[in-house]
Amino acid sequence: MKHQVFSLIVTITIATIIVSCGSSQSKKLIGTWKVEDVQTDFNEMEVTPEMLSQVVDMQKQTYFRFMNDSIMVIISNNDTHEAHWSFNDEENMIMYFFEGMETRPYELGKFEGDKIVQESNTALGKITTIYRKQ
């Protein structure tokens, strides 16, 4: 009987350690994320250097703050927008949606190590924005 009780205690202790040490990736997202780099893949024949600079500057003006495990604030041009977010563990994809638009979530980007990588295809070409936690 003592052996069974001891085994049960050891099993519960190990399970508790595994659960507490295996913290969810989404907990690592809590905080403020700002643009570290913007990469563009545009057709240089269709885009002027001024237009390219404007697109990059516009991307750098947007950042976001994960408040908790479901609420985020998006800050763009000094405007703030509250949204709900979720994390897909299988794809490391962060999704968000605005109140009342739950059926139309947006992809924020992939969580890759210590950065979030967002790829957008536009009429001008591809934009890759890399965010890093502050």
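Author: Let us begin with a term that we shall need throughout: a residue is buried when its relative accessible area is under 20%, exposed when it is over 50%, and partly exposed in between. The structure above is a predicted model, and 29% of the 134 residues in its chain are buried on this scale.

Reader: Since the model is predicted, where does pLDDT stay under 50?

Author: The general idea is that, where pLDDT is low, the predicted coordinates should not be read in detail. In this chain the average pLDDT is 84, and 82% of the residues score at least 70. The stretch to set aside is residues 2-23, over which pLDDT stays under 50 and for which the model has zero contacts beyond four places in sequence.

Reader: What does the secondary structure of the chain come to, and which pattern does the chain follow along the sequence?

Author: There are two helices and eight strands, and, taken in sequence order, they follow the pattern α-β-α-β-β-β-β-β-β-β. For the contacts, one counts those between residues with a separation of 6 or more, and 45% of these join residues 24 or more positions apart. As for the surface, the chain exposes about 9,400 Å², of which carbon and sulfur atoms supply 53%.

Reader: How should I read the charged pairs, and how many salt bridges does the count come to?

Author: Side chains of opposite charge can pair when their charged atoms come close. The count for this model is three salt bridges. In one of them Glu 36 pairs with Arg 132, with 2.5 Å between the closest N and O atoms. This pair links distant parts of the chain, since Glu 36 belongs to strand β1 (residues 31-42) and Arg 132 to strand β8 (residues 125-133), 96 residues apart.

Reader: Which salt bridge involves Asp 114?

Author: Asp 114 also has Arg 132 as its partner, the closest N and O atoms lying 2.4 Å apart. Here again distant parts of the chain are linked, for Asp 114 sits in the loop between β6 (106-112) and β7 (115-121), whereas Arg 132 is in strand β8, 18 residues apart. Glu 36, Asp 114 and Arg 132 are thus linked in a network of salt bridges.

Reader: Why does Glu 36 count as partly exposed?

Author: Glu 36 counts as partly exposed because its relative accessibility is 42%, a value in between the cut-offs of 20% and 50%. The other two members of the network can be read in the same manner: Asp 114, at 46%, is partly exposed, and Arg 132, with a relative accessible area of 24%, is partly exposed as well.

Reader: What is the distance between the closest N and O atoms of Lys 126 and Glu 119?

Author: Lys 126 and Glu 119 form a salt bridge in which those atoms are 3.7 Å apart. Lys 126 is partly exposed, with a relative accessible area of 32%, while Glu 119, at 55%, counts as exposed.

Reader: Turning to open space in the model, how much lies in the largest pocket?

Author: The largest pocket holds about 430 Å³ of space. It is lined by 18 residues, and those closest to its centre are Tyr 96, Glu 107, Leu 108, Gln 118 and Ser 120. The elements that give two or more residues to this lining are β2 (62-66), β5 (93-97), β6 and β7, and β6 gives the most, with five residues.

Reader: Where is Phe 98 placed, and which residues does Phe 98 touch?

Author: Phe 98 lies in the loop between β5 and β6, and it is partly exposed at 26% relative accessibility. Leaving out residues up to four places away in sequence, Phe 98 touches Ile 74, His 81, Glu 82, Ala 83 and Tyr 106. The C-alpha atom of Phe 98 is 8.9 Å from that of Trp 85, a residue 13 places apart along the chain.

Reader: Finally, on backbone angles, what is the phi of Asn 77, and what is the phi of Asn 78?

Author: Most residues other than glycine have a negative phi. Asn 77 has a positive phi, near 55 degrees, though it is a residue other than glycine, and Asn 78, not a glycine either, has a positive phi of about 65 degrees. Asn 77 lies in the loop between β3 (71-76) and β4 (79-88), which is also the place of Asn 78. On the scale with which we began, Asn 77 is partly exposed at 48%, whereas Asn 78 is exposed, with a relative accessible area of 76%.

Note on methods. Residues numbered from 1 in each chain as written. Predicted model: local features only at pLDDT ≥ 70, side-chain atom pairs only at ≥ 80, totals over all residues. Heavy atoms only, no water. pLDDT = per-residue confidence, 0-100. Contact = heavy atoms within 4.5 Å. Helix = DSSP H or I, 4+ residues; strand = E, 2+ residues; numbered from the N terminus. Buried < 20%, exposed > 50% of the residue type's maximum accessible area, 1.4 Å probe, protein only. Areas by Shrake-Rupley, 256 points an atom, 1.4 Å probe, with all protein chains shown as cover. Salt bridge = Lys/Arg side-chain N within 4 Å of Asp/Glu carboxyl O. 1 Å grid on protein atoms, 1.4 Å probe; cavity = no way out; pocket = protein on both sides within 12 Å on 5 of 7 lines; lining within 4 Å. Points joined across faces, edges and corners; volume = space filled by probe spheres on them.
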